[in-house]
Amino acid sequence: MKADKNLWILVLICVINSMGFGIIVPLLYDYGKKFGLNEQTIGILTASFSVAQFFATPLLGGLSDKWGRKPLLAISLAGTCISFLIFAFAQNLVMLFAARILDGITGGNISVAQAMVSDKSTDEDRAKKFGILSSAFGFGFVIGPALGGLLSKFGMQIPFYFAAGIALIGALCSTFILKETKEKVAKSSKPENANDKQQTADSKHHEFTFASLVTALKMPVIGTAVLTGFLLTTAQFVMILGFQTFSADVLKIKPTQIGLLYAGFGVTGIIMQLLVPFVTRQISSKSLILLLSTVLCMAAMLFTGFTGAIIPFACGLFVYGLFNGLRGPMLNAIIANHNDDNRQGEILGVNQSYASLGQTLGPVLAGLITVVSVHAVFFLSAFFILTGFLLTFRLRAKEKQNASVSHA
């Protein structure tokens, strides 16, 4: 771990990338108003990014399996840079949509970065490295909005120029500093289990098709992990909309306090992601860690749904944020451990695609259920977590089944 310079360079690139994204998110609505953006079209604009990312991420991940990680990571960051410049020079709503769609199409940097980490990891340290990578993304998302608000005081276009600049720095770091990992992967795959590895066999002749978005779900362990991740991501984004509405309408706290509360939520997740090495030393089974953390997340959401004061609300939110921080590292490690080496980019891209779908679906469902009650949003989030929790039992069973077959 200490000697893995590539990991720490990748961490820097991830912080730069996520910080650039975080900078512009709080400014999208106000900036777009002068082009005719309203309450309805902001949802469509947000969804356009996720839909583009849903289809593009596994494609870019698959291409990284074929052409190498470095060029795809650099290209995707360059696309992000261009999308921010389009925002800065936008003259109409069409240009805003073009920018978000382009950023979504080139948003495969997440899965490519994950594949680079997986390439140089063992089963034992993979979850630790995924935890570090997740905390890097989380750190950028936490500080990005605050930085965007500060820069907007110098002009609404300044944050977009700044985001484009740091995305360009990320692209340059990818090109000139980062070392390629894909070319050093062994030519022959090392199957760890019979079922999933059989379905990812003959990868030398494999070409990515969008059918992979469906076929990946049919893989016993991988498919269950991807579906679990989709449900838990949906739950998180249901909660995020509920958090915003509940803070303003029920708690009636000021925007500054809302920002600090949300930042605290983000920091708790980062703390837990950094503690992944300690957690995996205590509990070796990643699916068991996922199961236990999911139970605590569900309890936190149920508790939050019954609250009406800021202190218990913050406690429920922070407990959820803390244990939700284990979701990404555990699921990514499970998927990578049961995947063929030559399809890491593609399958991790499929996983990220379904996460993007959850990010789109969550706010939509939360918006619909607020008609019933703001408190109902947290119960809806708990329902999705419960469904994911039940799937973790199937995940553990499939892992044990594959382990017994591979040792037979």
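This passage describes the nonpolar cores, two buried residues and the internal cavities of a predicted model.

The largest nonpolar core contains 81 residues. Within this core, the residues that touch the most other members are Leu10, Met239, Phe313, Tyr320 and Ile385. Helix H11, which spans residues 220-249, supplies the largest share of the core, with 13 residues. Residues of the core come both from domain 1 (1-179) and from domain 2 (211-407), and the core therefore lies between the two domains. A second core, separate from this one, is made up of 23 residues, among them Leu45, Phe87, Ala90 and Phe160.

The surroundings of Phe313 were examined further. When residues up to four places away in sequence are not counted, Phe313 touches Phe243, Phe246, Ser247, Leu251, Leu261, Thr304, Thr307 and Phe378.

Two residues with hydroxyl side chains were also considered, Thr268 and Ser48. Thr268 is part of helix H12, which covers residues 255-274. The relative accessibility of Thr268 is 12%, and because the cut-off for a buried residue is under 20%, Thr268 counts as buried. Apart from neighbours within four places in sequence, the contacts of Thr268 are with Phe318, Gly321 and Leu322.

Ser48 belongs to helix H3, which runs over residues 39-67. With a relative accessible area of 13%, Ser48 is buried as well. A polar atom of the Ser48 side chain lies 2.5 Å from the backbone oxygen of Leu45, and Leu45 is in turn one of the residues of the second core. Once residues up to four places away in sequence are set aside, Ser48 touches Phe97, Arg100 and Ile101.

Empty space inside the model was examined next. Three cavities of 30 Å³ or more are present in the structure. The largest cavity holds about 70 Å³ of space. The lining of the largest cavity consists of Asp4, Asn6, Leu7, Leu10, Met116, Val117, Lys120, Lys129, Leu178 and Thr181. Two or more lining residues are given by helix H1 (5-24) and by helix H6 (109-119). Of the elements that contribute, H1 gives the most, with three residues. Leu10 appears in both parts of this description: Leu10 lines the largest cavity, and Leu10 is also among the members of the largest nonpolar core that touch the most other members.

How values were computed: Residues numbered from 1 in each chain as written. Predicted model: local features only at pLDDT ≥ 70, side-chain atom pairs only at ≥ 80, totals over all residues. Heavy atoms only, no water. Helix = DSSP H or I, 4+ residues; strand = E, 2+ residues; numbered from the N terminus. Buried < 20%, exposed > 50% of the residue type's maximum accessible area, 1.4 Å probe, protein only. Contact = heavy atoms within 4.5 Å. Polar contact = N/O pair within 3.5 Å; in protein donor to acceptor, adjacent residues only side chain to side chain. Core = buried A, V, L, I, M, F, W, Y, C linked by side-chain atoms within 4.5 Å. Domains from an automatic or database assignment. 1 Å grid on protein atoms, 1.4 Å probe; cavity = no way out; pocket = protein on both sides within 12 Å on 5 of 7 lines; lining within 4 Å. Points joined across faces, edges and corners; volume = space filled by probe spheres on them.
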